[in-house]
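Let's practise reading a protein model together. Take a look at the structure first, and then try each exercise before you read its solution.

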Amino acid sequence: MNKNDSDVIQEILIEENYLPAERIEESDIVLVNTCSVRNHAEQRALGYISTLKKWREKKGKALGVVGCMAKRLAGEIISKYPFVDFILGPDSYRKIPRYLGSIIQGQTKIIDTEVGNELYTGICRKSKKVSDFVSITRGCNNFCSYCIVPFVRGGLRSRPVEDILKEVNELVSSGVKDITLLGQNVNEYHYQGVDFPKLLEIVARETGIFRLRFLTSHPKDFDEEIIRVIKENKNICEWFHLPLQSGSDRILRLMNRKYSKADYLIKIEKIKKNIPDATITTDIIVGFPTETEDEFNETIELIKSIEFDDAYMYRYSYRPGTKAGEYPSLPEDVIKERLKILIEIQSQIIKKKTEQMIGRTYEVLFEEKAENGTRGKTRGNKDVIVTQKLRIGSVYKVLITGVRGRTPIGEIV
Ligand code: SF4
């Protein structure tokens with residue numbers, strides 16, 4: 001979502017005749033787009049902002065901090081980093097050119113972090129990438145107890161269908177082949193009678209996009225209609241990212257996730273039954289406050305039985321202001337140890353699943369040069385490397401012949 005927001009900001013500035021700089025030394029304006037989802041992301045952003053002090057001291061420079069952390073910590077940023085010129089939340093990007101004008105005229109310290117109903121409609125980006133994102137919703141209504149997103153990005157808003165189609169068409173005509181429709185929970189998309197499965201079908205059929213994906217599906221809202229749409233539209237990739245978060249029903253309730261382990265398993269079974277070749281990935285949080293050893297082991301047992309193709313695994317991160325922030329935290333060493341165990345087990349599963357790719361042929365869309373070859377992605381979002389130097393954006397059938405680290409290596413067939 002943040003990468004997509006950075007692209008939106010870039011487009012807003014380009015429309016006002018600003019040019020992107022290749023290197024920071026050449027730039028007059030720097031915008032630091034920040035994430036609040038975990039403490040670690042905020043600490044990294046704050047560390048980076050400190051490094052810009054010297055650059056900002058030069059004449060004619062302007063430094064902005066934007067995004068979710070800017071919304072959450074505006075006061076702290078302005079007092080601890082007085083060299084920052086402006087601080088904007090995720091709904092204020094359209095005003096950047098106007099604020100830059102004020103700064104050029106000598107105004108200092110602009111703070112605008114109000115959450116509104118912004119959808120950035122009418123901003124249709126061009127892209128030089130092979131794969132890109134198109135946002136279909138902004139904000140979230142779910143209030144998972146550990147999550148800061150609804151507080152910093154506001155409630156869910158769905159973008160008009162025509163605006164989404166226009167952006168996808170624009171990206172397709174600029175050469176993009178793989179588009180991910182993006183939302184905190186895409187399943188809650190609703191615009192004038194069009195729900196998410198319908199939108200997915202419309203985009204797949206009316207835009208000529210080569211590959212279509214979506215991110216993220218909340219398991220409580222994921223339904224069979226999506227599976228049907230994927231089966232009937234060959235350009236929608238059979239990749240499902242369904243964040244599990246925990247394998248314990250008590251922890252899921254405390255997380256306010258609104259599904260049980262059994263509900264989750266039913267949805268996974270439906271995917272596997274209908275699309276046996278589907279790639280299924282997930283997110284897991286370990287060390288949620290009050291999680292017991294047994295509850296952690298329930299998560300481990302579940303990941304062993306489902307065998308996810310990949311997983312984003314995180315330690316619980318305390319976010320002030322959230323419901324979970326009121327619960328007593330587990331000791332640091334317990335959280336670290338559980339994350340280590342989880343990563344080890346999931347890595348073995350990934351290794352096994354990657355080795356199972358050997359001898360099979362996959363359609364690969366090549367996206368970037370790699371050391372001694374070219375790197376591409378399968379429909380299941382798995383990286384593949386071949387030794388040939390191929391045109392970026394080309395598509396080949398690739399026979400997987402081995403595995404290097406975690407990455408399958410193959411030959412064009
Ligand atoms: S669905 Fe839950 S975890 Fe995802 S953004 Fe919304 S509140 Fe956060």
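Below are four exercises, each with a worked solution.

Before you start: this is a predicted model, in which local features need pLDDT of at least 70, side-chain atom pairs count only at pLDDT 80 or more, and totals for chains, interfaces and linings use all residues. Residues are numbered from 1 along each chain as its sequence is written, and side-chain values use heavy atoms, with hydrogens and water left out.

**Exercise 1. Describe how domain 1 and domain 2 meet.**

Step 1: Find the domains. The assignment gives domain 1 (2-112), domain 2 (131-355) and domain 3 (361-412); such bounds come from an automatic or database domain assignment.

Step 2: Look at the separation and the contacts. The C-alpha centres of domain 1 and domain 2 are 29 Å apart. In contact (heavy atoms within 4.5 Å) are 16 residues of domain 1 and 16 residues of domain 2.

Step 3: Consider the area. Buried area is the accessible area (1.4 Å probe) that two parts lose on being put together, summed over both. Between domain 1 and domain 2 this comes to about 1,300 Å², with 48% given by carbon and sulfur atoms. Of the area that domain 1 buries against domain 2, N4, R38 and R72 supply 38%, more than any other three residues.

**Exercise 2. Describe the largest cavity and its lining.**

Step 1: Learn the term. On a 1 Å grid over the protein atoms alone, a cavity is a set of points where a 1.4 Å probe fits but cannot get out, and lining residues have an atom within 4 Å of a point. Grid points are joined across faces, edges and corners, and a volume is the space filled by probe spheres set on the points.

Step 2: Count and size. There is one cavity of 30 Å³ or more, and the largest cavity holds about 80 Å³.

Step 3: Inspect the lining. Among its residues are N4, D5, V8, R138 and E167. Helix α1 (residues 2-15) provides the largest share, three residues. Domain 1 and domain 2 each contribute at least three residues.

Step 4: Sort by type. The lining has four nonpolar, two polar and five charged residues. Here Ala, Val, Leu, Ile, Met, Phe, Trp, Tyr, Cys and Pro count as nonpolar, Asp, Glu, Lys and Arg as charged, and the others, Gly among them, as polar.

**Exercise 3. Describe the residues around the ligand.**

Step 1: Pick out neighbours, which have a heavy atom within 4 Å of the molecule. Those surrounding the ligand include C140, C144, C147, H218 and R257.

Step 2: Sort them. This shell has seven nonpolar, three polar and one charged residue.

**Exercise 4. Find two backbone features.**

Step 1: Look for a cis peptide bond. One joins L215 and T216, with omega about 0°.

Step 2: Look for a positive phi in a residue other than glycine. N17 has phi near 70°.

Key
On a 1 Å grid over the protein atoms alone, a cavity is a set of points where a 1.4 Å probe fits but cannot get out, and a pocket is an open set with protein on both sides within 12 Å along at least five of seven lines; lining residues have an atom within 4 Å of a point. Helices (H or I, at least four residues) and strands (E, at least two) are DSSP runs, numbered from the N terminus.
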